[in-house]
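User: I'd like a close look at one part of this model, the nonpolar core. Could you walk me through it and then work outward from there?

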Amino acid sequence: MRVSAGRWLGDSPVGTGLIWGAVAVFVALAGMVEAFAERRIIAGVVALGPALPFLAALGAGYHAARRAGGRGALAVLGRGVGAGAATGLAVAGLVAAGGVLNLRAVFVNASPALFSLLSLGLGPAGGFLPILVGAAVGMGGAASSLVSDRARRPVVTGLVAVLVIGLFQEMLQLMLAEGWIQSALRELLFAPDALSRAGSVVVFFVAAGASAAWTYRGERVRQQLMRVPPPQRRLLKLLGLGVGLAVMLVVPLVAGPFLSHVLVLVGLYVLMGLGLNLEVGYAGLLDLGFVAFFAIGAYTVGLLTSTGGLGVAQLSFWAAVPIAVLVSLAAGVILGVPVLRIRGDYLAIATLGFGEIVRLLVLSDFLRPWLGGSQGLLTIPKPSIGGFELRGPEHLFYLTLASSALVAFVAARLRDSRLGRAWMAVREDEDVAEAMGINLVNVKLLAYGLGAAFAGVGGAIFAVMLGSVFPHSFQLLISINVLALIIVGGMGSMPGVVVGSLFLVGLPELLREFADFRFLVYGAALVLMMQLRPEGLWPTAAIRRELHAGEEMGASRQGAWATTRHPG
Amino acid sequence: MSRGDPLGSSPSHLERPARRSWVEKLEFVSLFLWAFRVAVILVVIVGTYGTVSAGQYPGPVWADLVVFGLAQGSVYALIALGYTMVYGVLGMINFAHGEVFMSGAYTAYFVADALARSGSLDRHPLWSLLVVAVVSMATSTAVAVLLERVAYRPLRHAPRLVPLIAAIGASFFLQYAFRGLYGSGFKAYPEVAVLKGEWVLAGIRILRTQAVVLVASVLMMLGLYVFVMRSKVGTAMRAVSEDREVAALMGVDVNRVVVVTFAVGAAMAGAAGVLYALVFKQVHFFMGFVPGIKAFTAAVLGGIGNIPGAMLGGLFLGIVESVGPILFLDGLGIVAPYQLKDVIAFTMLVMVLIFRPSGILGERLTVKKA
């Protein structure tokens with residue numbers, strides 16, 4: 001039997017290590033190592049950038065150990081060392097190649113600074129260093145696969161906590177700027193631009209301790225919660241909701257303008273996500289032109305309220321929003337009618353076409369006298385309540401929060417209504433749904449229209465947030481962004497939309513260097529999510545069941561395939 | 001999940017049985033669709049009449065536009081082959097195919113640039129261009145095979161939205177991966193001295209680059225056609241696209257056929273990348289996206305899964321896109337009609353998907369799956 005190259009690469013520890021090494025080399029050449037080099041995590045010990053290739057070594061060690069299949073601990077560790085060293089070898093190979101060839105002629109990021117970072121400051125002479133470090137880290141990865149889940153979880157939690165707090169130290173330090181308790185805490189944990197060494201130890205043990213406590217006690221707490229009779233449980237739930245709301249209300253006061261701005265953006269994406277969720281998550285209609293409705297909401301508010309030359313009515317924001325919502329809803333229905341008969345992947349492409357047509361028309365000189373072409377609409381006034389102007393991001397945050405809460409409420413009621421069940425029936429099987437007496441035309445058009453209306457609310461707030469509207473704000477990438485956050489959060493799941501927005505919109509805004517790699521990571525996240533966890537981070541029960549049923553069927557089919565294939 | 005309905009476009013469920021009277025048939029949706037059709041046809045007719053009666057553009061301008069459209073369309077056709085072949089074999093839209101095209105052209109830029117600097121691009125233009133083309137095709141092929149292995153193969157039996165979303169993700173991953181590797185700026189492809197200037201053929205002026213693009217793509221398409229129709233792998237490919245399970249029972253190694261399909265489609269896209277660079281003279285990490293969508297339009301236009309259809313669709317789309325803005329829109333008094341050429345292409349895409357998803361030549365290869 002012929003052993004294919006793929007099988008060899010996948011099975012031997014060196015092969016595994018080299019695959020991960022290729023990932024590490026790619027990450028380095030794509031510029032991530034250098035971009036994150038200044039993002040220190042623990043002062044004087046480790047920064048995010050140079051650590052990235054060795055995270056690959058960790059993955060390689062763990063991966064190789066997982067494939068060891070019932071060998072002794074020593075053999076497993078050995079495989080980890082081999083895999084980690086192979087990853088390091090790939091990195092060292094890159095450093096060596098960088099010393100000989102002028103890689104920079106092709107790869108813009110292959111600078112001397114990069115090679116210095118990769119060889120941990122030693123330059124070409126230190127090429128052996130990545131191999132050693134890789135081997136050590138790989139052994140760590142292999143070791144982590146040997147210990148039990150209960151022992152591993154606190155350690156992982158502690159490390160993740162150090163990583164997260166280190167990454168966001170700047171923001172946390174700002175929040176801890178005032179008050180003597182806060183500054184004492186800050187002194188304890190942080191050095192000027194990173195966690196201090198002592199601080200990282202504290203964070204690690206606190207997080208690990210909490211995780212361990214939850215591992216040992218959590219089950220009992222959960223059981224006690226389950227024993228609480230339903231009326232009180234409902235009360236508890238309401239209480240939790242109230243506490244959450246109260247926290248949300250004080251956030252902008254604590255967080256300051258920058259964080260509030262980020263939260264407003266997250267809120268806008270939550271609004272769009274909830275809208276697209278009606279289409280993709282509930283009704284199963286994959287819409288890649290969704291940004292068009294966001295744009296229509298923004299342009300409607302812009303045209304109706306602008307005090308500039310293109311403004312038509314100079315209405316107040318509050319009068320313009322309902323009109324914007326109606327216009328978006330109508331646009332959703334109008335663009336929905338032609339695509340009623342299209343299904344699945346063709347629907348995605350057709351809606352993408354519509355989205356691009358809207359953008360190109362708005363951008364064109366043809367409609368410039370009305371929509372301002374590439375210069376857009378300017379001088380959109382801020383909304384005000386009884387003479388109080390909602391000016392800064394802190395104020396807009398409340399507006400976004402209120403509209404998100406309202407929209408989420410509407411979405412939840414829709415989901416549990418007759419219409420919501422009809423959507424889900426259409427998602428599961430259009431033909432059967434129609435046979436059951438569901439009017440496909442009405443149901444689908446309502447999904448398009450209501451989804452578009454939600455996006456229109458987001459667009460309206462977006463317009464007043466910027467004070468102007470440009471066609472360049474409405475790229476296809478926004479649609480992809482919204483789709484990605486729904487998928488990552490979990491299709492059809494409303495908490496998933498919030499989680500997805502926080503992860504995909506909030507995090508990249510906070511990590512400024514991240515901006516360049518945003519779509520790289522989104523793309524990888526979509527591919528990986530589809531393979532590892534197609535139901536998303538916070539899935540609904542129905543989707544989880546459906547996808548796992550699919551998997552089982554796929555697995556059995558795969559089995560059938562294997563028997564029909566030629567050996568070798 | 002629904003391999004039984006690969007197009008998702010099986011006969012409309014909205015149409016009522018034929019015995020209803022015509023008044024009942026004029027329901028809201030059909031009325032709307034008819035209005036859409038009539039509006040587009042009116043724009044085309046009135047615009048064409050306006051332009052022709054104004055007589056602003058002499059014959060040679062139209063000839064230039066048609067020739068340019070043919071050159072552009074043949075590039076679309078080459079890319080469209082990848083879409084159509086993958087759809088035929090797997091029933092999925094390889095949304096990242098435009099990026100496969102970009103990866104080849106962008107990588108080959110560095111070879112072309114090096115050859116131009118050393119002077120061999122001017123001394124041995126044929127050999128140098130062949131080297132550039134081979135590098136481009138090899139890169140595209142490598143990217144596509146990797147893509148298939150990493151992103152698509154594990155999802156072959158997943159519900160149908162799953163591979164599409166993975167493909168969208170892969171598309172953005174590839175764009176930004178190449179942006180990270182090669183930088184975000186436009187790169188100017190070197191010009192080939194021999195290909196500057198023009199030839200005049202039967203009174204029609206044709207730029208030399210355009211002639212090369214046309215001839216090369218026609219040759220490649222012929223080669224592909226012979227490969228698919230005559231070679232053993234090509235036969236296996238057609239067998240898999242007819243019915244994957246039965247082909248496997250007959251001893252066809254389906255995985256291998258899928259890989260070959262991706263590889264051949266990608267090689268065509270890589271070649272298209274070099275031809276595209278010859279015409280447009282610059283490359284960029286985002287360059288694959290719009291041609292990708294347009295090539296997909298071409299594939300659907302010709303009937304997805306159908307190889308001659310993709311060629312025909314590509315040429316047709318190229319000509320409409322090149323002639324259309326002036327012929328249809330200028331006559332309506334629209335300023336700067338050329339800005340709207342993509343609107344024409346996307347409108348065609350949407351119209352084909354709505355009104356004739358089986359394309360001009362039907363979908364011979366996939367129809368059996370229904």
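Analyst: Sure, with the reminder that this is a predicted model. The largest nonpolar core has 268 residues. Those with the most contacts inside the core are Tyr346(A), Trp423(A) and Phe474(A) from one chain, plus Leu81(B), Tyr152(B) and Phe296(B) from the other. Helix H20 of chain A, residues 440-466, gives this core its largest share, 17 residues.

Let's zoom in on Tyr152(B). Leaving out residues up to four places away in sequence, Tyr152(B) touches Met92(B), Asn94(B), Phe95(B), Ala96(B), Leu147(B), Pro163(B), Ala167(B), Ala170(B) and Phe262(B).

Next, the place where the two chains meet. The contact draws 68 residues from chain B and 60 residues from chain A. About 6,200 Å² is buried between chain B and chain A, and carbon and sulfur atoms account for 74% of that area. On the polar side of the ledger, the rule turns up four residue pairs in polar contact across the interface of chain B and chain A, both residues being at pLDDT 80 or more. Salt bridges across that interface come to zero.

On chain B, the elements that each put two or more residues into the side touching chain A are H2 (28-54), H6 (125-152), H7 (161-182), H10 (244-249), H11 (254-280), H12 (289-302) and H14 (341-355), every one of them listed as a helix. H7(B) supplies the largest share of that side, with 16 residues. Sorted by class, the side of chain B that touches chain A comes out at 47 nonpolar, 13 polar and eight charged residues.

One more stop in chain B is His284(B), in the loop between strand S4 (282-283) and H12. His284(B) counts as buried because its relative accessible area is 14%, under the 20% cut-off. Its contacts, again not counting residues up to four places away in sequence, are Met102(B), Tyr106(B), Ser184(B), Gly185(B) and Phe186(B).

Now for the charged pairs. Over all chains, the structure holds 12 salt bridges. Take Arg359(A), which pairs with Glu356(A), the closest N and O atoms being 3.1 Å apart. These two sit three residues apart in helix H15 (residues 344-363) of chain A, so about one helical turn separates them. Both ends are tucked away from solvent by the accessibility numbers: Arg359(A) is buried at 17% relative accessibility, and Glu356(A) is buried at 7%.

Arg427(A) and Glu428(A) make another salt bridge, with their closest N and O atoms 3.1 Å apart. Here Arg427(A) is buried, at 17% relative accessible area, whereas Glu428(A) is partly exposed at 38%.

Then there's Glu430(A) with Lys444(A), where the closest N and O atoms are 3.3 Å apart. Glu430(A) belongs to helix H19 (residues 430-435) of chain A and Lys444(A) to helix H20 of chain A, so this pair ties together parts that are 14 residues apart in sequence. That brings us back to H20 of chain A, the helix with the largest share of the core. Both partners are buried: Glu430(A) has a relative accessible area of 13%, and Lys444(A) has 3%.

Back in chain B, salt bridges that share partners link Lys294(B), Glu321(B), Lys341(B) and Asp342(B) into one network.

Technical notes
Residues numbered from 1 in each chain as written. Chains lettered and ligands numbered in written order. Predicted model: local features only at pLDDT ≥ 70, side-chain atom pairs only at ≥ 80, totals over all residues. Heavy atoms only, no water. Contact = heavy atoms within 4.5 Å. Buried area = accessible area lost by both parts, 1.4 Å probe. Salt bridge = Lys/Arg side-chain N within 4 Å of Asp/Glu carboxyl O. Polar contact = N/O pair within 3.5 Å; in protein donor to acceptor, adjacent residues only side chain to side chain. Helix = DSSP H or I, 4+ residues; strand = E, 2+ residues; numbered from the N terminus. Nonpolar A, V, L, I, M, F, W, Y, C, P; charged D, E, K, R; others polar. Core = buried A, V, L, I, M, F, W, Y, C linked by side-chain atoms within 4.5 Å. Buried < 20%, exposed > 50% of the residue type's maximum accessible area, 1.4 Å probe, protein only.
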